[in-house]
Amino acid sequence: MHTRLTLKLVLATLLMFGFGYALVPLYDVLCRITGINGKTASVAATAATGEIDSSRTVTLELVAYPFPGFEGRFAPVVQRIKVHPGELSRTHFNVENSADSARVLQAVPSVTPGLGARYLHKTECFCFQQQHLAIGEKAQLPLYFYVDQALPAELHTLTLSYTLYDVTRAAGQGDQNG
């Protein structure tokens, strides 16, 4: 009697563990299919080839979130840009390392509303590679982008936010000075 109950409980535990383990890849697939996660492409898009739709204006809001405890500054040069779909636009973010050691930083983008992520194309972005900053170094990080003409008419504003992470240890740089 106890053996059957024990086997059922062990089986239920294994099934729950398997389901929990499978949730992350299933979530990634669901988000990729529906576009609800706000993730943008991690590689450069080709330049806009269509006509510029000057009858529409889309507002792109830019937001920067440095990692907790970041010693320095990370901010967009402008908080809002008005663009026409199909128009190649550019801006940049400023970053400064005020820490007492060199840092390797990685920016991870996200778009809100998530559906808008598939219509915002970055042709050049500082988020495509890690940023190596020496002690006290300042840098201007470029962003070249366009909004696809296929952006649904009900979307007038997109918010592009970057979260900046310190990946110094993962990059194998340790806490080197200079």
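In this predicted model, helices and strands are DSSP runs, a strand having at least two residues, and they are numbered from the N terminus.

**Figure 1. Overview of the chain in the predicted model.** The chain comprises one helix and nine strands. Along the sequence, these elements follow the pattern α-β-β-β-β-β-β-β-β-β. Of the 178 residues in the chain, 36% are buried. Among contacts with a separation of 6 or more, 78% are between residues 24 or more positions apart.

**Figure 2. The open sheet of four strands.** The strands are arranged in the order S2-S4-S8-S6, and their pairing is antiparallel. Strand S2 (72-76) and strand S6 (120-125) form the edges, each pairing on one side only. From one strand to the next, the twist averages 25°. In general, strands of a sheet pair through backbone hydrogen bonds, in either a parallel or an antiparallel manner.

**Figure 3. The pairing of strands S4 and S8.** Strand S4 covers residues 89-97 and strand S8 covers residues 138-147. The two strands run antiparallel and are joined by eight bridges. One residue pair may serve as a point of orientation: glutamate 96 has lysine 138, in S8, as its bridge partner.

**Figure 4. The surroundings of leucine 120 in strand S6.** Leucine 120 has a relative accessible area of 4%, and it is therefore classed as buried, the cut-off being under 20%. Leaving aside residues up to four places away in sequence, leucine 120 touches Leu60, Val111, Phe145, Tyr146, Val147, Leu158 and Leu160. One of these neighbours is Val147; the C-alpha atoms of leucine 120 and valine 147 are separated by 4.7 Å, although the two residues are 27 residues apart along the chain.

**Figure 5. Arginine 56 in the loop between helix H1 and strand S1.** The loop that holds arginine 56 connects helix H1 (2-34) with strand S1 (58-66). Arginine 56 is buried yet has no salt bridge. The nearest side chain of opposite charge is that of aspartate 53, at 4.5 Å, whereas a salt bridge requires the charged atoms to be within 4 Å. A polar atom of the arginine 56 side chain does lie 3.4 Å from the backbone oxygen of proline 152. Pro152 is also listed among the residues that arginine 56 touches, together with Val83, His84, Pro85, Gln149, Leu151, Ala153 and Leu155; residues up to four places away in sequence are not counted here.

Notes: Residues numbered from 1 in each chain as written. Predicted model: local features only at pLDDT ≥ 70, side-chain atom pairs only at ≥ 80, totals over all residues. Heavy atoms only, no water. Pairing = 2+ DSSP bridges. Axes fitted to C-alpha atoms, helices over the stretch in contact; angles between N-to-C directions. Buried < 20%, exposed > 50% of the residue type's maximum accessible area, 1.4 Å probe, protein only. Contact = heavy atoms within 4.5 Å. Lys, Arg positive; Asp, Glu negative; His and termini not counted. Polar contact = N/O pair within 3.5 Å; in protein donor to acceptor, adjacent residues only side chain to side chain.
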